[in-house]
Every structure is written in structure tokens, then in C-alpha cells.
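Here are my comments on the structure you asked me to look over. Please read them with the sequence and the coordinates at hand.

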Amino acid sequence: MRRMIACLLSLVLLLSSCGGVPHAAPGGSHGASSDEFEDRAGEVAERWQGSSNDRAWREGSRWKC
């Protein structure tokens, strides 16, 4: 019986420390609007691709100005 209580308590502590239960944002919103998401995704994609000079360097070709 003690072992079962200890296991259940350990499980509760583990879930609470790992954020096992997601919390909704105020107003019922679960994050950014689709327009905000698209804008942010575009910014991340631009940074990921880098400048034309960065791409040229990664591909091994000469610098493009």
C-alpha cells in the first residue's frame, strides 16, 4: 500500500514539474493569430536561409554582391 502511494505521489510530482497539464491563455486563445503566425514563420524562414552571401559561402561559390 505504501509503495502504491509513493508511486502515485512520484507520478504527480513528475507531471507537475514537467508541465504535464497545458494551460489555456486568457480569453480562450491558444496562441498567436494565423496572420501573426505567418509573419513569424516568414521571419524565421528568412533567417534560416540567410543572405545571398551566406548561401554562396555555404555552397562554396564566390561572394555575390
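The numbered points below go from the overall fold to single residues.

1. Before anything else, please keep in mind that this is a predicted model, and that the values quoted below are computed from it. The protein has 3 helices and 0 strands, and, read along the sequence, these elements follow the pattern α-α-α.

2. On burial, 2% of the 65 residues of the protein count as buried, where buried means a relative accessible area under 20%. The accessible surface of the protein amounts to about 6,400 Å², and carbon and sulfur atoms account for 60% of that surface.

3. Helix α1 covers residues 2-17, and its length can be checked, because 16 residues at 1.5 Å a residue should span 22 Å, and the C-alpha atoms at its two ends are indeed 22 Å apart in the model. The same helix is hardly covered, since the count of buried residues among its 16 residues is 0.

4. A nonpolar patch lies on the surface, formed by Met1, Met4, Ile5, Leu8, Leu11, Leu14 and Leu15, which together contribute about 750 Å² of accessible area. One of these residues, isoleucine 5, is found in helix α1; with a relative accessible area of 49%, isoleucine 5 is classed as partly exposed, because the exposed class begins over 50%.

5. Turning to charge, Asp35, Glu36, Glu38 and Asp39 form a negative patch on the surface. Aspartate 39 belongs to helix α2, which comprises residues 34-49, and its relative accessibility of 51% is the reason that aspartate 39 counts as exposed, given that the cut-off for this class is over 50%.

6. How many salt bridges does the structure hold? There is 1 salt bridge in the structure, and it is formed by arginine 40 with glutamate 43, whose closest N and O atoms are 3.6 Å apart; this pair meets the criterion because a side-chain nitrogen of Arg must be within 4 Å of a carboxyl oxygen of Glu. The two partners are 3 residues apart in helix α2, so arginine 40 and glutamate 43 are separated by about one helical turn.

7. As to the surroundings of that pair, arginine 40 has a relative accessible area of 45% and is therefore partly exposed, while glutamate 43, at 41% relative accessibility, also counts as partly exposed.

Notes: Residues numbered from 1 in each chain as written. Predicted model: local features only at pLDDT ≥ 70, side-chain atom pairs only at ≥ 80, totals over all residues. Heavy atoms only, no water. Helix = DSSP H or I, 4+ residues; strand = E, 2+ residues; numbered from the N terminus. Expected span 1.5 Å × (residues − 1). Buried < 20%, exposed > 50% of the residue type's maximum accessible area, 1.4 Å probe, protein only. Areas by Shrake-Rupley, 256 points an atom, 1.4 Å probe, with all protein chains shown as cover. Patch = residues over 30% accessible without salt bridge, like charges linked within 9 Å, V, L, I, M, F, W, Y side chains within 5 Å. Lys, Arg positive; Asp, Glu negative; His and termini not counted. Charge placed at Lys NZ, Arg CZ, Asp CG, Glu CD.
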